[in-house]
Amino acid sequence: MATSDKTKEIKKDPAVHIKFFPMDIPRFFVGMIIRIWYRPKLAYISDKRPDKHSGALVIANHSSFSDPIILGTVLPRRIYYLAGELAMGKGLKTVGLRGCGCIGIDRNISDIDGIRKSVNVMKRGHYLLMFPQGSLKRDGQIREIKSGAVLMAWQAGVPILPVYVKKGLKGFHRALAMVGEEFYLSDYCDKKMPSMKDIANLTDMLALKMHECERAYFDYIDAHNMKLVNDPRNQKGENE
Amino acid sequence: MSTLERLKKLLSDVYDGEMDTSGITEDSELVKDIGMKSIAMLYMAMAIEGEFGVNLTNEDLPKMRTVGDIVKMIDERM
């Protein structure tokens, strides 16, 4: 049975939805606030839509602390988040974050336990959101991408869904998320086990896919006469 | 094939045959002699799990200083 068929079967089971009830409550209420505040819009780079039943690694740029909440609201699936050290340790905050689907991963060590948890979430048919640049880049520009995304997607055998998200469109700082076409790493590397060189090449490919989404985002806002309050394209010109 | 030989084959695959594994012994240090960086260590750990069917944890990785440490760890768990 294919993974997506298995996922379909699992999703028919009401127990699965009961299990996610604590995660869905904040998602619903925070989602309502986000929908009113940012009026987020979802646009697709092409007519090809992501598989509704397969797990996937969602990779996005990270220009604002609200990005995970906006994407969690606007993408039509329950999302788990790779939350770095924020969702590690003990305490009410950690419990709350984990309840909302955050997975803690220690970026200072080779956190194989965190990677295993993340891979299992995707194998079970869920979306996992990560910001492969590793940290916040306020201008929204895509710079160095880390190889961890490739390792996780390869291990899980799920497709990668690139997204470019940015809020701050004129008119109440509306947010727009541009979703690229999902793709499998195996389409670009047919080895059973990629070498470190293959991983570096696949990481460069992720950056290209994210740049495609970035270009599509700006093409979309230009085509729809939307303006960004702080347009990074203008800032780029000023810097040069 | 011994665990060391299988590990050397795995290292060769990870580095796409670019690494001369003939000089690797159990005393070879992963960082100093082989030149492994953190991402390579992580990938190697994942590859070991797949190849040998053993489970590695965050506590195991810092203990993996030499090739011999990995061989010992694998042999104990297989």
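## A two-chain model: interface, sheet and core

Chain B brings 17 residues into contact with 13 residues of chain A, where contact means C-beta atoms, placed from the backbone, within 7 Å. This is a predicted model, in which local features need pLDDT of at least 70, side-chain atom pairs count only at pLDDT 80 or more, and totals for chains, interfaces and linings use all residues. Residues are numbered from 1 along each chain as its sequence is written, while chains are lettered from A in the order in which they are written.

On the side of chain B that touches chain A, H2(B) gives the most, with 9 residues. By class, that side looks like this:

| Class (definition) | Residues |
|---|---|
| Nonpolar (Ala, Val, Leu, Ile, Met, Phe, Trp, Tyr, Cys, Pro) | 12 residues |
| Polar (the others, Gly among them) | 3 residues |
| Charged (Asp, Glu, Lys, Arg) | 2 residues |

Now to the sheet of chain A. Its 7 strands form an open, mixed sheet in the order E1-E7-E6-E2-E5-E3-E4. Strands are DSSP runs of E with at least two residues, and helices are runs of H or I with at least four, numbered from the N terminus; two strands pair if DSSP finds at least two bridges between them. E1 (41-44) and E4 (102-103) of chain A stand at the edges with a single partner strand each, so one side of each has no neighbour in the sheet.

Further in, E2 (residues 56-60) and E6 (residues 160-169) of chain A run parallel, joined by 4 bridges. Here A:Val58 has A:Leu161 in E6(A) as its bridge partner. A:Val58 also touches A:Ile79 and A:Tyr127, among others.

Notes. Contact = placed C-beta atoms within 7 Å. Lists of a residue's contacts leave out its neighbours within four places in sequence.
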